[in-house]
Amino acid sequence: MRPVVVVITGPVGVGKSASMPALAGLLAERGEAVAAIDLDSLRTLWPDDPDDPFHTQLALTNLSAIWPNFAERGARWLLLTDIVEHPSQRSVYEDALPGALIVILRLDAPLDRVHERLHRRESGESLAWHLHRSTELHGMMTERGVGDIVVTVDDHDPLQVATLMLAEIQRYQEKAGELT
């Protein structure tokens with residue numbers, strides 16, 4: 001079977017980075033070889049590039065370079081956290097990870113819950129930016145129908161979110177005829 005790449009997306013503050021390690025743990029408990037990458041770690045660079053303000057291309061170039069190392073060591077699953085603003089972005093993951101089954105999984109939560117989380121972790125100008133961006137992304141992702149799978153979370157802890165994600169991924173694989 002081909003590798004499965006789950007791109008975990010959602011507005012900033014929804015819980016992508018918190019739930020990804022829990023999902024990796026559930027997969028590992030099943031005996032699955034899994035790698036997990038927060039794409040922000042592959043795009044951090046100063047100064048910003050006006051033509052690529054979020055360093056998206058840099059992250060994808062870096063991802064293309066390191067995925068073969070994980071695959072050579074047996075990884076069959078790759079979990080990514082990233083912001084997917086439009087369904088057409090699927091092609092950038094297909095280009096970066098040829099031959100993999102790409103699953104875009106959007107975490108969704110009531111915006112007031114997302115804002116509560118952001119108030120707990122951000123402050124000052126950073127809080128203002130994150131509140132604005134989370135509202136913008138929430139509307140954008142909902143309106144554009146981002147996500148092969150949408151998992152609604154509210155007060156769930158990361159393990160509960162991961163359990164919901166894994167159940168939905170398995171349903172998606174069954175429908176696609178892509179069981180691993």
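In this predicted model, Ile8 stands opposite Leu105 in strand 4. Ile8 belongs to a longer pairing: strand 1 (residues 4–9) and strand 4 (residues 101–108) run parallel and are joined by six bridges. Strand 4 also pairs with strand 5, again in the parallel sense, over four bridges. Here Leu107 is the residue opposite Val151 in strand 5.

These pairings are part of an open sheet. Five strands form it, in the order 2-3-1-4-5, and the pairing is parallel. Strand 2 (34–38) and strand 5 (149–152) are the edge strands, each pairing on one side only. From one strand to the next, the twist averages 20 degrees.

Strand 5 shows two faces. Ile149 and Val151 make up the covered face. Val150 and Thr152 make up the uncovered one. In a regular strand, side chains alternate between the two faces of the sheet.

Strand 1 also holds Thr9. Thr9 has a relative accessible area of 0%, so it counts as buried; the cut-off for buried is under 20%. The contacts of Thr9, not counting residues up to four places away in sequence, include Ile104, Leu105, Arg106 and Leu107. Thr9 also touches Asp82, Ile83 and Val84. Further contacts of Thr9 are Lys16, Met141 and Val146.

Two helices can be described in some detail. Helix 1 (16–29) has 14 residues and reaches 20 Å from its first C-alpha to its last. This is close to the 20 Å expected at 1.5 Å a residue. The buried residues in helix 1 are Lys16, Ser19, Met20, Ala22, Leu23, Ala24, Leu26 and Leu27. Their cover includes strand 1, strand 2, strand 3, strand 4 and helix 6. Just after helix 1, Gly31 takes a positive phi of about 85 degrees.

Helix 5 (residues 124–144) has 21 residues. Its end C-alpha atoms are 30 Å apart, which agrees with the span of 30 Å that 1.5 Å a residue should give. Buried in helix 5 are Leu127, His130, Leu131, Arg133, Ser134, Leu137, His138, Met140 and Met141. An α-helix has 3.6 residues a turn, so residues three or four places apart point the same way. Strand 1, strand 4 and helix 4 (111–121) are among the elements that cover the buried residues of helix 5. Gly145, just after helix 5, takes a positive phi of about 70 degrees.

Helix 3 (residues 90–96) holds Ala96. At 8% relative accessibility, Ala96 counts as buried. Ala96 touches Leu60 and Ser64, not counting residues up to four places away in sequence. Ala96 and Ala59 are 37 residues apart along the chain, and their C-alpha atoms are separated by 9.9 Å.

The loops have their own features. The loop between strand 2 and helix 2 contains Pro47. The peptide bond from Trp46 to Pro47 is cis, with omega near 5 degrees. His55 is found in the loop between strand 2 and helix 2 as well. His55 is not a glycine, yet it has a positive phi of about 50 degrees. With a relative accessibility of 6%, His55 counts as buried.

Another loop lies between helix 2 (56–72) and strand 3 (77–81), and Gly74 is found there. Gly74 counts as partly exposed, at 33% relative accessibility. From C-alpha to C-alpha, Gly74 and Pro3 are 9.9 Å apart in space, with their positions 71 residues apart in sequence.

The largest pocket has a volume of about 870 Å³. Its lining is made by 36 residues. Val12, Lys16, Asp40, Asp82 and Ile83 lie nearest the centre of this pocket. Helix 1, helix 4, helix 5 and helix 6 (158–176) are the elements that give two or more residues to the lining. Lys16 thus appears in several places in this description. Lys16 is buried in helix 1, touches Thr9, and is one of the residues nearest the pocket centre.

Notes:
Residues are numbered from 1 along each chain as its sequence is written. This is a predicted model: local features need pLDDT of at least 70, side-chain atom pairs count only at pLDDT 80 or more; totals for chains, interfaces and linings use all residues. Side-chain values use heavy atoms; hydrogens and water are left out. Buried means under 20% relative accessible area, exposed over 50%, partly exposed in between (1.4 Å probe, protein chains only). Two strands pair if DSSP finds at least two bridges between them. Axes are lines fitted to C-alpha atoms, for helices over the stretch in contact, and angles run from 0 to 180 degrees between N-to-C directions. The expected span of a helix is 1.5 Å times one less than its number of residues. Contact means heavy atoms within 4.5 Å. On a 1 Å grid over the protein atoms alone, a cavity is a set of points where a 1.4 Å probe fits but cannot get out, and a pocket is an open set with protein on both sides within 12 Å along at least five of seven lines; lining residues have an atom within 4 Å of a point. Grid points are joined across faces, edges and corners, and a volume is the space filled by probe spheres set on the points.
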